[in-house]
Amino acid sequence: MFKGLKPIVYNGREVWPLVEGGKGVAATNHASAGAWAAAGGIGTVSAVNADSYDPDGKIIPQVYEALTRRARHEELVEYAIEGAVQQVERAYEIADGKGAININVLWEMGGAQRILHGVLERTRGKVAGVTCGAGMPYKLSEITASYGVSYLPIVSSGRAFRALWKRAYSKAAEWLAAVVYEDPWLAGGHNGLSNAEDPLKPQDPYPRVKELRDVMREGGISDDVPIVMAGGVWYLRDWNDWIDNPELGTIAFQFGTRPLLTRESPIPQGWKDALTQIEPGDVLLHKFSPTGFYSSAVRNPFLRSLEARSERQIAFSTQEAGDHVFQLDVGVKGKNFWVTRNDLLRARGWFGEGYTDALKTPDNTLVFVSPTEKGMIRKDQADCMGCLSQCSFSSWADTETNSTGRLADPRSFCIQKTLQDIAHGGDIDQNLMFAGHAAYNFKKDPFYSNGFVPSVGQLVDRILTGD
């Protein structure tokens, strides 16, 4: 029998310990966040390239007119601040004094600190807290505390939180509202798998969260500061042993995937329809993201094309030595590529399938693409506006040189382009479609039978029953 949840005190008022996950580019906005807060929970506005609106309420397209990447980056930062401010103001109005409104930022997004300062300066009194992951956000506590706003770091291990606490967070302990534990094998979007962890061998979250609580206790953090369980959360009845468990302290729950299929969810209808057809195993944990992090998304034709592109890859040498005894002519002026006999045969086979163009990768390999693919890759790289602090696909970096110093990687993709496109009605088969690994429940959960799509309020009520 489900034991039920008790409210917690957050930002000075009682709220349900239910957090809306802040999902990337335009997948969580004022409508969903405001409704979640109005239902008594903690709504989360995504402050990642958020939409702005004209006086008639229509979305203003983010058009980049500057000729240089640095100048386009400045346009991006302006769009990001203005969009997030508008989203917060609208969400705050919808919430009407109930629940709480958080914002979510990615530490590895381009201009993250400038954007965070810009948004918090213009939304004083309206943002309760900032959730932040995708990297090690050491300066998060310093920035949010300067505006009297709480912070909720997103981590995937006790070890990561210990590093953040010792280096920075202990100096602003009073503003730590919660710690989000994001399961790196189950959560949608970007995941915090370390190099020591096997993406194919998921670990039980309980001992990992218990270790996180132990680290928090070492730092003198009260058990009343919640750990927010994120990733793989669907039915709260499955987490009964976690609730009121003295080993774990206060536990709250974050829902990222379930709020996608609500009336207030801003994602297009095609995306919503696709969620209802997902089967177990259809969400893939992969490493094609230009961030360098693992991430989880629906294994649609877009993702399968990236898998196939990487499979059309061979190692090369620039000198005739060792086993590299066959020269491969791929039309690169002044370059000789020496490959093994087997790789030469493989490459010539790809030519027959239309993959006639080879692109160098940072790992001394050649990846084979069609002329159309090559043109698209080169254009996307040239159009870069620095949406990430470091991007493997375009080699952009938030440095004086604006470059990582590494060759751009054609095995990846422009994440800004694809996330903006799918969020605003683009082809769901030809864009990255994020979802958590529990998304298959949409198809089997009786709550969604006969095509039922709940309001956010109905969803929160349902979650509170344990189902």
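# A walk through the model

Start with the whole chain on screen: among contacts (heavy atoms within 4.5 Å) in the protein chain between residues at least 6 apart in sequence, 65% join residues at least 24 apart. Before you click further, know that this is a predicted model, where local features need pLDDT of at least 70, side-chain atom pairs count only at pLDDT 80 or more, and totals for chains, interfaces and linings use all residues. Residues are numbered from 1 along each chain as its sequence is written, and side-chain values use heavy atoms, with hydrogens and water left out.

**Stop 1: the whole chain**

Switch to a cartoon view. You'll find 13 helices and 18 strands in the protein chain; these are DSSP runs numbered from the N terminus, with helices (H or I) of at least four residues and strands (E) of at least two. The radius of gyration of the protein chain is 23 Å, close to the 23 Å that the globule rule gives for 467 residues, so the chain is as compact as a globular protein of that length. That radius is taken over C-alpha atoms, and the rule is 2.2 Å times the number of residues to the power 0.38. Rotate the C-alpha trace and its principal axes span about 70 × 50 × 45 Å.

Now try a surface view. About 20100 Å² of the protein chain is accessible, and 49% of that belongs to carbon and sulfur atoms (Shrake-Rupley method, 1.4 Å probe). Of the 467 residues, 56% count as buried; buried means under 20% relative accessible area, exposed over 50%, and partly exposed in between (1.4 Å probe, protein chains only).

**Stop 2: strand β6**

Select residues 129-133, which make up strand β6. How many of its five residues are buried? Five of the five, so to speak a mostly covered strand. Show the side chains: Gly129, Thr131 and Gly133 point one way from β6, while Val130 and Cys132 point the other way.

Add residues 100-106 to the selection. This is strand β5, and it pairs with β6 in the parallel sense over five bridges (strands pair if DSSP finds at least two bridges between them). Zoom in on valine 105 to find its bridge partner in β6, cysteine 132.

**Stop 3: strand β13 and its two partners**

Next, pick residues 294-298. Strand β13 is also mostly covered, with five of its five residues buried. Bring in β9 (residues 189-191), which pairs with β13 in the antiparallel sense over three bridges. Here histidine 190 has serine 295 as its bridge partner. Then add β12 (residues 283-286), another antiparallel partner of β13, this time over four bridges. Look for leucine 285, which stands opposite serine 296.

**Stop 4: three loop residues**

Most residues other than glycine have a negative phi. Two exceptions are worth a click.

- Asparagine 49 has a positive phi, near 50 degrees. Look for asparagine 49 in the loop between β4 (42-46) and α2 (69-95). Buried or exposed? Asparagine 49 counts as buried, at 7% relative accessibility.
- Aspartate 244 has a positive phi of about 55 degrees. Its loop runs between β10 (227-230) and β11 (251-255), and at 52% relative accessibility aspartate 244 counts as exposed.

Finish at aspartate 198, in the loop between β9 and α6 (205-218). Aspartate 198 is partly exposed, with a relative accessible area of 30%. Draw a distance from its C-alpha atom to that of valine 456, 258 residues apart along the chain, and you should read 36 Å.
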